[in-house]
Amino acid sequence: MMRITTRLSHSRAGIETRPLKQENKLKYPEDPIQFVLLPSNARKRYKGLLSLQSLMEQESERSSFNTYYPARNKSLGIIACGIAFNYLMENYPERKFPHPVLQLGQYPLPFSKVEKIVNECEQVLILEDGYPLVEEMLKGYLDKNSKIKGRLDGTIPRDGELNPDIVAKALGKEVKFGMKVPDIVANRPPELCAGCSHRDIYNALNETMKEFGKQKVFSDIGCYTLGALPPWNSINSCVDMGASITMAKGAADAGVHPSIAVIGDSTFTHSGMTALLDCVYENTPVTVIISDNGTTGMTGGQASHATGRLEEICIGLGVKPEHVRVLTPLPKYHDEMVNVLREEMLYEGVSVVIPRRECIQTLGRIKKEVKVKVEEVVK
Amino acid sequence: MEKLLLLGAEAIAQGAIDGGMSGVYAYPGTPSTEITEYVQHNKVAIERKLHSQWSANEKTAMEAGLGMSYAGKRAMVCMKHVGLNVAADAFINSAITGVNGGLIVAVADDPSMHSSQNEQDSRFFGKFAMIPIFEPASQQEAYDMTYEGI
């Protein structure tokens, strides 16, 4: 497994490449039942995995990604995992560390390297982004006065991302990175793009819900989650991919009516299809709004598996064709959208409403590409 | 050998391509999306016809990656941290089946939840599955670890 965090993923640095390797040739496993996890075989394979653990640890001991930097001042030792090592270097340029440092980049933990730094230093500070995994392992459960310092004893905040400032503070150094944000810079929460189809859908949904009451709309993960914020305040949940439909089902089972799900086309094919099948199986009265913008919008406009086959998927899953309703979310069709939503909410069964209009961002990009191509042809 | 200026995500993609990968499987999710997008636009990857189309979700991606490994070829699977919850069934069991061709699962965590629902730490999943975990401190390490790991 490769584990990175946002800061490393989204920051740029120079790298030097290595020789390009050939691809492997097609080759079947030597053991034809290697991948058959029947209990009898799974037990054998699991024992095999357990027996590999000591080899993995030996690899970690030898690994150049787990480097020990000796130093004289042993009042403190520092274990820096992954990107935390980068933040440590920000505080000690040229890797001139006053204290012993163990850089960790490969797990399982290299036992003797960890043992060495813990034994030779009076206290050990653990710098790791994310949860205190290494810290918990070294500290143990009962040792309240442990010499291990980090997120669990408050030396570092328990939650949130690490940064050079937090590391500086934990080391008792002056915090000098970054500049104060001037007061004139206002906090600007994210919002739906001007011209986005989700806006028209929420306008229609809000008007429809005036008749049916509040807190009956379950939503999902995508740009449309911003419908939870003003001025719409349209949705009441966002938990995990596909949860809108299944939560609406559970709420409908509990007596919420109408029970409404708002989900995007890509999220629907990611994890909403089995949820819809659950509704079909029991003919649960839910109204599922699949906002189809023809893309995976929130992550930057990747292709969506649903494009061009959404109605067929819903009908194939067993939704009655007359209750799969396609709309065009534009202000000029507002009244029609409200009427259709109202009709389907009154229906005592599974209905799917598909407002379909292309993501304004991908549309803009395509128009730009076409313009460039036309200009090239004209030249 | 050449020098490139890359995002950490792109360094992983370049490391996998140079390391002899035959395909990447992924569902988009911030901050992991750029890994697959880089493969989709990379010259060598296009020439070699490396698989780089999106999967329906992280579970199907993980399973397809395991299938490519079954056939003896090197594969990479990419996702964000919460995507690993979706792929968990296949991910944990893939440690028991083991691999045939090299298989690397690149997971991008999002501490502080810049664009996520939680800040779960994927190292727990790696430990849970009892497989080696690499955690780079720099873009160069991200490249080297992927190159060696795949």
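**Exercise 1.** How many salt bridges does the rule find across the interface of chain B and chain A?

*Solution.* The model is a predicted one. Step 1: take a pair that can be checked by hand. B:Glu10 and A:Arg12 have their closest N and O atoms 3.2 Å apart. Step 2: apply the cut-off, which is 4 Å between a side-chain nitrogen of Lys or Arg and a carboxyl oxygen of Asp or Glu. The pair B:Glu10 and A:Arg12 forms a salt bridge. Step 3: across the interface of chain B and chain A, the rule finds 7 salt bridges.

**Exercise 2.** Which helix of chain B gives the most to the side that touches chain A, and how do the residues of that side divide?

*Solution.* Step 1: helix H7 of chain B, residues 139–149, gives the most, with 10 residues. Step 2: this side of chain B divides into 46 nonpolar, 26 polar and 20 charged residues. Step 3: set this beside the contact count, in which 92 residues of chain B are in contact with 75 residues of chain A. Step 4: add the area. About 7,900 Å² is buried between the two chains, and carbon and sulfur atoms give 57% of this.

**Exercise 3.** Which strand of chain B is joined by bridges to strand E6 of chain A?

*Solution.* Step 1: strand E6 of chain A covers residues 106–107. Step 2: 2 bridges join strand E6 to strand E5 of chain B, residues 133–134, and the strands run antiparallel. Step 3: within E5(B), B:Phe134 is the bridge partner of A:Gln106.

Terms used. Residues numbered from 1 in each chain as written. Chains lettered and ligands numbered in written order. Predicted model: local features only at pLDDT ≥ 70, side-chain atom pairs only at ≥ 80, totals over all residues. Heavy atoms only, no water. Contact = heavy atoms within 4.5 Å. Buried area = accessible area lost by both parts, 1.4 Å probe. Helix = DSSP H or I, 4+ residues; strand = E, 2+ residues; numbered from the N terminus. Nonpolar A, V, L, I, M, F, W, Y, C, P; charged D, E, K, R; others polar. Pairing = 2+ DSSP bridges.
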